[in-house]
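Colleague: Could you take me through one part of this model in detail? I'd like to begin with a single strand and its pairing, and then see what lies around it.

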Amino acid sequence: MTRLNQEPKTRWKLFGKKGRAVLAASVIASAIGLGAVTSLTLLPSTAHAQASDQITPEMIEKIENYLAGITTLKAEFVQISSDGGAAEGDLYMERPGKMRFEYNPPAQILLVSTGHDFIYYDKEINAPTYFDIDETPAGIILAENISLTDKVKIVDYRRTAETVRVELVRKSDPGAGSVTLVFTEKPMQLRQWSVKDPTGVETTVTLFNTEEGMQLDPELFKFERIWPNQRN
């Protein structure tokens, strides 16, 4: 089991109830923006990156092999959105197909990928919304067969002394937005992803205290709607 110890420089909180519409609009990105945002430097800016005309086949293979080699992963996450949202919580992932975003209170949001469906659940109004996992950016890293060249296209590749950034669009609909995966290279580890929608709004999820290769409770990836009078 590997572990990366890095604490968020500040703890994030959600303010007020700005957000159900923002949440619903952002769920496809598997990253939801709520509330007010405070400035925070998480990883080196792409402004300091060295752009490459073309990513090498060796780097593509290195990233694909790393992602394919992930069996389980858990981490704390901090999420920020360029339209003024911030949240934090815990992430659990089991490849292929399963992921869970557990948002810290006072957020009443749960995101679960069961292996078939990607579910956005608003606990406050007891309303689940279902998506095909392949329609979400999460589908790229949860796929059984990882490929950065099959259904997606690399449109930008940037490298710093600390990170590797790969921006992807879906070949079937490149105008629908992009996903940027950010890795540390030594050792190779997923640290962040950013999703930019067609309107230019960008949502970034950064991982902290990442662990890989542990056993996770299968119940994490099941979804059951809670009814007011439901008894245990």
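**A close look at strand S12**

Modeller: Happy to! Valine 195 has threonine 203 in S13 as its bridge partner. Before we follow that pairing, please keep in mind that this is a predicted model: local features need pLDDT of at least 70 and side-chain atom pairs count only at pLDDT 80 or more, while totals for chains, interfaces and linings use all residues. Residues are numbered from 1 along each chain as its sequence is written, and side-chain values use heavy atoms, with hydrogens and water left out.

S12 covers residues 188-196 and S13 covers residues 202-212; strands here are DSSP runs of E with at least two residues, and helices are runs of H or I with at least four, both numbered from the N terminus. Five bridges hold S12 and S13 together in the antiparallel sense (two strands pair if DSSP finds at least two bridges between them). The two form a hairpin with five residues between them, and in that turn glycine 200 has a positive phi of about 95°.

On the other side of S12 in sequence comes S11, residues 178-185, joined to S12 by eight bridges in an antiparallel run. Within this pair, threonine 180 has serine 194 of S12 as its bridge partner. S11 and S12 also make a hairpin, this one with two residues between them. Proline 187 sits in that loop, and the peptide bond joining lysine 186 to proline 187 is cis, with omega about 5°. Most residues other than glycine have a negative phi, and most peptide bonds are trans.

How enclosed is S12 by the rest of the structure? Eight of its nine residues are buried, so the strand is largely enclosed (buried means under 20% relative accessible area, exposed over 50% and partly exposed in between, with a 1.4 Å probe and protein chains only).

S13 brings a backbone feature of its own. Asparagine 209, found in strand S13, has a positive phi of about 50° although it is not a glycine. This asparagine counts as buried because its relative accessibility is 7%.

S11, for its part, supplies one end of a salt bridge, that is, a side-chain nitrogen of Lys or Arg within 4 Å of a carboxyl oxygen of Asp or Glu. Glutamate 185 meets lysine 62 in this way, at 3.3 Å from N to O. The contact links distant parts of the chain, with lysine 62 in helix H2 (residues 57-69) and glutamate 185 in strand S11, 123 residues apart. The two ends differ in cover: glutamate 185 counts as buried at 14% relative accessibility, whereas lysine 62 is partly exposed at 34%. Arg159 joins Lys62 and Glu185 in a network of salt bridges. In total, the structure holds six salt bridges.

One more hairpin is worth a glance. S9 (residues 152-159) and S10 (residues 163-170) pair in the antiparallel sense over seven bridges. Lysine 153 has valine 169 in S10 as its bridge partner, and three residues form the connection between S9 and S10.
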